[in-house]
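Visitor: I would like to go through this model with you, one topic at a time. Could you guide me through what can be read from the coordinates?

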Amino acid sequence: MKYLFVSPEKVAQDQYRHGAVFRLAGALILFGIMLQVPCVFIAVSCWKEFRDRSTEQTLLRTELSELQKANIPLKEARQKLTQIRQWEPILSNRVPISSLLNAVQVSIPGGTVLDSISIETEQFDHLPVQGGMYRVPRNYRLVLQGLERPNKGEELQIFCEALQKRLPTGSELVRSERLEQRGDGTVPFLLQYSVKPSGSYFGLGLKKIAEPDNL
Amino acid sequence: MGYSLIHYLKNLPLQYYLEGGFIQIRGPTISLFLSTKESAALVCRGHRAYGFEAEIANLPDAPPVNGVDSDRGIVSASRTFSEKLLTRSRANGVPRFIFVPDLGSSDLYCNVHNVANLRELNVETLLESLNEDPRQVFGSWDESRRFRWAVFNTQLEAVQGVFERRIQEVIIVGIPADHCEQLEVWTDTQRGTLLGIVPLPLACLKWFCASIPLGRKTAFILLMLEHAVLLAVVQDQKVVLFRQYIEDPEFVYHEIPVLASELRAEEFEIFVWSSRPVSEDVAVTLAGTELTGEVLRQINGRAVVVRKSDGSKLELNGPIPHLLLWLENRIA
């Protein structure tokens, strides 16, 4: 007479609560759920990290695409800049002759007279530029010939030192000769310099342009 | 009932399990006799009585009685009816309930049917027909309420499957479904388990067949219920006849010789079972054995002993305590 006139739903509920098999099944289910908790936690953490990375990747892709778009108009400017940079060694190796002459002029002492100034280029490099090759001198030969007043033996030395200070870095005095004294007492001399184009010619007397033009 | 994994998962009593249901030991049993004029509760644990209380129907949060308006308003007590009852009986745990309602004549269908007269060939289809429409089985049925049905053999044992040839008769019992639902809902409010709803005549007859050996004699049992008198005839520990009478017991008593001749019962005995003592004027007219007091003690071998909180023992020999204890031992 057990469960007489009791609805099947109530009987099932009672069995689920008190039946040994169902209680064991319930314990196994709950144990399984408890085991799943760390797995679920790890899975959620991984998923969150993956989502964050995906978001970051998407942002980076967007940024890359924007940068690529911005890079397109700069391509022409970069090409022009490359062409200009090809001219850099050419321009830097060209010693401004007027400045060189100015350096000689401001260095020469009062007891010395110059007869001739000779400037020659030598040791050429061949640099490629758009449209062909360009010959660039690696050395300038400066030859100065003049007269020194009598009894002014130290002035030539002063002139040499003053000129040496103004010449570009790497320049050196190759030859310094005093010839036989003339009848009027003056002493002819000959100075030969090897001027190296260093790219910095401010010592010769050049001045910086205050506001350089933008490219 | 066919169990399935999906149904189990859908109805998983997770809260019960988390509250320690896995290791919950079997709780006490509360057997409740419910009648409109009389009610009682017997608290048992381990098939031993721990408490007996009469007139429980008037207590707050008491179980619903069939035929009595159960609308008593919302009871806002901190403890439920069963918790108070268990505390008084020094028992604890999840209560399990057995209800023994004394139903009115219109609220109980109980009859012996010849299998040959039934169209259905097995119990399942018979129950299906009864649940669909009892008129498919009985022919005349004017009750509009829904009933719950059960089928027994004549020894009041539940039967299943195809009717065997040796079973010539079955007993069909039905009680109103709404009353069963009321009791189920009440059980839920008590956070207990429902073990069964056994109508009083069924419990009495089952007890009678199991406890009183008759030999070749025929027994006529008069069950004096609240609203009706039931007459059952038992032969060879089998119920062969069952009738309900609205008339007084004397009328029923005078029916017995007629029935005895119809059943060709040469030797017969009359037994009277009543929840309350039979009044003297009725007792004078009835010649039979009243199943109460010393008779019950002798039949069951001992009285119903309830241990009180002060250590003393209370012996009960009334029909209700004996019936409830026997039923508890049988079901729980």
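Visitor: How many bridges join strand 6 of chain B to strand 7 of chain B?

Guide: This is a predicted model, in which local features need pLDDT of at least 70, side-chain atom pairs count only at pLDDT 80 or more, and totals for chains, interfaces and linings use all residues. Residues are numbered from 1 along each chain as its sequence is written, while chains are lettered from A and ligands numbered from 1 in the order in which they are written. Helices (H or I, at least four residues) and strands (E, at least two) are DSSP runs numbered from the N terminus, and two strands pair if DSSP finds at least two bridges between them. Strand 6 and strand 7 (residues 169-176) of chain B run antiparallel, and the number of bridges joining them is seven.

Visitor: Which residue of strand 7 of chain B is the bridge partner of Val151(B)?

Guide: Strand 6 of chain B, which spans 147-153, is joined to strand 7 of chain B in the antiparallel sense. Within strand 7 of chain B, the bridge partner of Val151(B) is Ile172(B).

Visitor: Which strands stand at the edges of the sheet that has the order 5-7-6 in chain B?

Guide: This is an open sheet of three strands with antiparallel pairing, and its neighbouring strands are turned by 20 degrees against each other on average, direction ignored (axes are lines fitted to C-alpha atoms, for helices over the stretch in contact, and angles run from 0 to 180 degrees between N-to-C directions). Helix 6 (residues 177-189) of chain B packs on the sheet, touching strand 6 and strand 7 of chain B, and its direction makes about 65 degrees with that of strand 7 of chain B. Two strands have a single partner strand each, so one side of each is left without a neighbour in the sheet: they are strand 5 (109-114) and strand 6 (147-153) of chain B.

Visitor: How many of the residues of strand 4 of chain B are buried?

Guide: A residue is buried if 20 or more other C-beta atoms lie within 10 Å of its own, exposed if 12 or fewer, and partly exposed in between, with C-beta atoms placed from the backbone. Arg96(B), Ile98(B) and Val100(B) point one way from strand 4 of chain B, Phe97(B), Phe99(B) and Pro101(B) point the other way, and all are buried. Strand 4 (residues 96-101) of chain B is thus mostly covered, the count of buried residues being six of its six.

Visitor: Which residue of strand 8 of chain B stands opposite Arg96(B)?

Guide: Strand 4 of chain B pairs in the parallel sense with strand 1 (residues 29-34) of chain B over six bridges, and there Leu32(B) stands opposite Phe99(B). Four bridges join strand 4 of chain B to strand 8 (residues 193-197) of chain B, again running parallel. In strand 8 of chain B, the residue opposite Arg96(B) is Thr193(B).

Visitor: Which residues touch the most other members of the largest nonpolar core?

Guide: A nonpolar core is a set of buried Ala, Val, Leu, Ile, Met, Phe, Trp, Tyr and Cys residues joined through C-beta atoms within 7 Å. The largest one has 87 residues, and its largest share, eight residues, comes from helix 7 (residues 200-211) of chain B. The members that touch the most others are Val100(B), Ile221(B) and Ala232(B).

Visitor: Is Trp207(B) buried or exposed?

Guide: Trp207(B) is found in helix 7 of chain B. Leaving aside neighbours within four places in sequence, Trp207(B) is in contact (C-beta atoms, placed from the backbone, within 7 Å) with Leu323(B) and Trp326(B). Because 22 other C-beta atoms lie within 10 Å, Trp207(B) counts as buried.

Visitor: Which element of chain A gives the most residues to the side that touches chain B?

Guide: The contact takes 22 residues from chain A and 25 residues from chain B. On the side of chain A, the elements giving two or more residues are helix 1 (8-18) and helix 2 (20-86) of chain A. With nine residues, the element that gives the most is helix 1 of chain A.

Visitor: What ipTM does the model score?

Guide: The mean pLDDT (the predictor's confidence in each residue, from 0 to 100) of chain A is 89, and chain B averages 88. The model scores pTM 0.68 and an ipTM of 0.88.

How values were computed:
Contact = placed C-beta atoms within 7 Å.
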